[in-house]
Structures are given as C-alpha cells and as structure tokens.
Amino acid sequence: MPGPSRETGGSAFVSIYDPLRHQLVQVQDRTVRLTFAEIEALLGRSLPASAYRFTAWWGNETSRTVGHTQSRAWLLAGFHARVSLKLRVVEFERS
C-alpha cells in the first residue's frame, strides 16, 4: 500500500470530497468558480441539503469536532472557499 502523499497533506485520510481536492490541485489560477452542480458532477453524488442552506457548511475549518470534513478538500489543495447560496456557486481562492 502506498504511503501518504504530499498532495494529501501527509494524511492517509480518504473522503468523498477527494475528487474536489484532486480537481483543485490541478488549478493553476489564483481563483476558480464552481457551481454546486459542477461540484456534484466531480463528486458523483449530490451535496447534502445543508450545503444548500447554510454558509457555515462551506466554512474553512478542518476541525473534526466541528465536522467539516468537506473543507479538508479545498484547504489541503491550498484554497479557501466563499459561497453564494443564492447563486449556488463557490469561489475557491488560493490561500
């Protein structure tokens, strides 16, 4: 079994949000905008209802006690997220 990679931040943690992280790692620009539908296509599944209702779901927090495992995807790729629930779009900006 391969060891942890630099891309994963040295962690063997596996997440349903890894496809988003892999996509963001490939981004060369300072910012990238993705619609909720584009993120769902990357994930191969729907986002949870809370992603559509609460900006806090898109918080830039990795604490497992808070439960934001999704934010690890963009934070490990070197981005912070800003969401517009109204437009259903997320702007990821390089940290």
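A residue counts as buried when its relative accessible area is under 20%. By that yardstick, 35% of the 95 residues in this protein are buried. The model is a predicted one, with a mean pLDDT of 87 and with 81% of residues at 70 or more. Residues 1-10 are the part to read with care: pLDDT stays under 50 there, and the model gives this stretch ten contacts beyond four places in sequence.

As for the overall layout, the protein has four helices and three strands, which run along the sequence in the pattern α-β-α-α-α-β-β. Among contacts with a separation of 6 or more, 49% come from residues 24 or more positions apart. On the outside, the protein exposes about 5800 Å², and carbon and sulfur atoms supply 52% of that area.

Now to the aromatic rings. The structure holds six aromatic pairs. One of them joins Trp 57 and Trp 58, whose rings sit edge-to-face, 4.6 Å centre to centre with 75° between the planes. Both Trp 57 and Trp 58 are buried. Another pair brings together Trp 74 and Phe 92, this time tilted, at 5.6 Å centre to centre and 50° between the planes. This pair links distant parts of the chain, since Trp 74 lies in helix H4 (residues 71-76) and Phe 92 in strand E3 (residues 89-94), 18 residues apart. Trp 74 and Phe 92 are both buried too. These four residues belong to one aromatic cluster, made up of Tyr 17, Phe 36, Tyr 52, Trp 57, Trp 58, Trp 74 and Phe 92.

Methods
Residues are numbered from 1 along each chain as its sequence is written. This is a predicted model: local features need pLDDT of at least 70, side-chain atom pairs count only at pLDDT 80 or more; totals for chains, interfaces and linings use all residues. Side-chain values use heavy atoms; hydrogens and water are left out. pLDDT is the predictor's confidence in each residue, from 0 to 100. Contact means heavy atoms within 4.5 Å. Rings of Phe, Tyr and Trp (its six-membered ring) pair if their centres lie within 6.5 Å; planes under 30 degrees apart count as stacked, over 60 as edge-to-face and the rest as tilted. Buried means under 20% relative accessible area, exposed over 50%, partly exposed in between (1.4 Å probe, protein chains only). Helices (H or I, at least four residues) and strands (E, at least two) are DSSP runs, numbered from the N terminus. Accessible areas come from the Shrake-Rupley method with a 1.4 Å probe; for residues, only the protein chains shown count as cover.
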